[in-house]
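Hi,

Here is the structure I promised to pass on to you. Could you have a look at it, and then read my notes below?

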Amino acid sequence: MASAFDIEEIYPDEPSVRLPRRQSGAAPQGVVVTLMADYTLRTRAALPSAAIVALLAETGVTSAGARTAISRLARRGVLERSRQGRNSSYRLSPTVATDLSAGGNWILTSTTASAPWDGCWTIVAFSLPQEHGAQRRTLRGQLRWLGFAPLYDGLWVSPYELTPPARSLLAGLASGAVTVFRGRQAEMDAIGQRAPVEAWDIAGIAGRYEEFLRRWTPLASRTDAVDGPAAVRARTEVMDTYRRFPTLDPQLPRELLPAGWPRQAARDLFAAVYDGLADTAERHVRAVVARHAGGAPPADVRAHTTADMLAGVRGDGCGASPA
C-alpha cells in the first residue's frame, strides 16, 4: 500500500495502550507487534528477546533496530518484560492482547458482505472556526472511522444510520457545531449534479484490491512449498497489507458498487495465504524460540488463524484463552 497508516487505525475503538506508528518501509515496532500477535495472542506466551531479534532479522531488521524496538514497546506498555538470570523475555500486555483481538475480529467482520440498503443517506454537516483546526481534524478522523466520506468540505455522507454510540461520540467532539439528518437523494435535472457515492474513490479502492489479488494469488496455491522463514515473512506481510482494507473500503451497499466487487475475493485470498502458511510458520517460530530458550519447543507458541480472529480471545490476568 502506498499510504502510511497507524496501527491504531485497525481498531474500531480507541486502544487502551497506544501502539506503535506504522511507517513507510520497514517498521520494526510494527513487525514485533505483528509477530507477537500472530504466534502468542491466544496464550500471551513470553518469548526470549534473542528469539524475537532472530525472527526480526529474517525480515531484514538489524539486531540493534530490533532491540531498540522491543525496548520502546516495553516502555510504552505494549510488551511486558520478565528476567531469568541474564536473559530477558517479553510478552504482550493483557490490555494490548485485548485490543489486538478486537482489531483482528474487526478486520474480518468489516470485510464481509454488506447489509441491504434502504436507499437513504445519512448526512453530517459541520462548521468549525479556522482556529479549531485540531478539533476539525479529530472530527474528520472519527467520521472516517464511522464510514463517512466528504462529499464537500463540511458535509460528509454515509449510506448507513448512525448508531447511538456514534451519535454520542460526534456530539462530544463538536457540540453545537454538527447537524445530522437522513434522507434520499433528490432527482434533479441540473447538469453536473454530484451523487453522494462520488465521495468515495471507488476506482481507487478497487485498484488496491486488485493489487492485493495480483500480489498474493500465486502464493495461495503453493503454501505447502514455502519454507519456515518465508512462511513467517509472508504471513506478516499479508496481515500488514490486508488489515488496511477496513479503513479503505467503507463497505458500501452492493447497489452502489460495480459488478464483481473484489472484496470477498480478497478476503478469501487472505484466509488461504494466512491460514495455509500457519503450520509451517508455527513450526519455524517454535524452533527459533526453542533454540534461544534452552531446548524444548514451547507448547504455548501457536499460529493465529482467521478462525481465531473471528472467535477472539479474553484476558484472564496472566494469559489468554479462546472466547
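Let me start in the middle of the chain: Thr 122 has Ser 158 in S6 as its bridge partner. This is a predicted model, in which local features need pLDDT of at least 70 and side-chain atom pairs count only at pLDDT 80 or more, while totals for chains, interfaces and linings use all residues. Residues are numbered from 1 along each chain as its sequence is written, and side-chain values use heavy atoms, with hydrogens and water left out.

Strand S4 (residues 121–126) is joined to strand S6 (residues 155–158) by four bridges, and the two run antiparallel. Strand S7 (residues 178–183) is also antiparallel to S4, with six bridges joining them; there, Ile 123 has Phe 181 as its bridge partner. Two strands count as paired if DSSP finds at least two bridges between them. Five of the six residues of S4 are buried (under 20% relative accessible area with a 1.4 Å probe, protein chains only; exposed is over 50%, and partly exposed is in between).

For the overall picture, the protein chain has 12 helices and nine strands, taken as DSSP runs (H or I, at least four residues, for helices; E, at least two, for strands) and numbered from the N terminus. Of its 323 residues, 49% are buried. The accessible surface is about 15,500 Å², with 51% of it on carbon and sulfur atoms (Shrake-Rupley, 1.4 Å probe; for residues, only the protein chains shown count as cover). Taking contacts as heavy atoms within 4.5 Å, residues 24 or more positions apart make up 75% of those with a separation of 6 or more.

There is also an open sheet of three strands, antiparallel, in the order S1-S3-S2. Its edge strands are S1 (47–48) and S2 (79–84), each pairing on one side only. S1 meets S3 (residues 87–92) over two bridges, with Leu 47 opposite Tyr 90. S2 and S3 share six bridges, one partnership being Glu 80 with Arg 91. Two residues separate S2 and S3 in their hairpin, where Gly 85 in the turn has a positive phi of about 70 degrees.

Helix H2 (residues 49–57) has the highest confidence in the chain, at a mean pLDDT of 96 (the predictor's confidence in each residue, from 0 to 100). Its buried residues are Ser 49, Ala 51, Ile 52, Val 53, Leu 55 and Leu 56, and their cover includes H1, S1, H3, S3 and H11.

Which strand has the lowest confidence? That is S9 (residues 320–322), at a mean of 33. The chain averages 83, and 85% of the residues score at least 70. Values stay under 50 over residues 1–26, for which the model has 70 contacts beyond four places in sequence, and over residues 315–323, with 22 such contacts.

Finally, the cavities. These are sets of points, on a 1 Å grid over the protein atoms alone, where a 1.4 Å probe fits but cannot get out; lining residues have an atom within 4 Å of a point. Three of 30 Å³ or more turn up, and the largest holds about 150 Å³, a volume being the space filled by probe spheres set on points joined across faces, edges and corners. Of its 15 lining residues, Ala 37, Asp 38, Leu 100, Gly 104 and Met 239 are the closest to its centre. H1 (28–40) and H4 (94–109) each supply at least two residues of that lining.

Best wishes

Technical notes. 1 Å grid on protein atoms, 1.4 Å probe; cavity = no way out; pocket = protein on both sides within 12 Å on 5 of 7 lines; lining within 4 Å.
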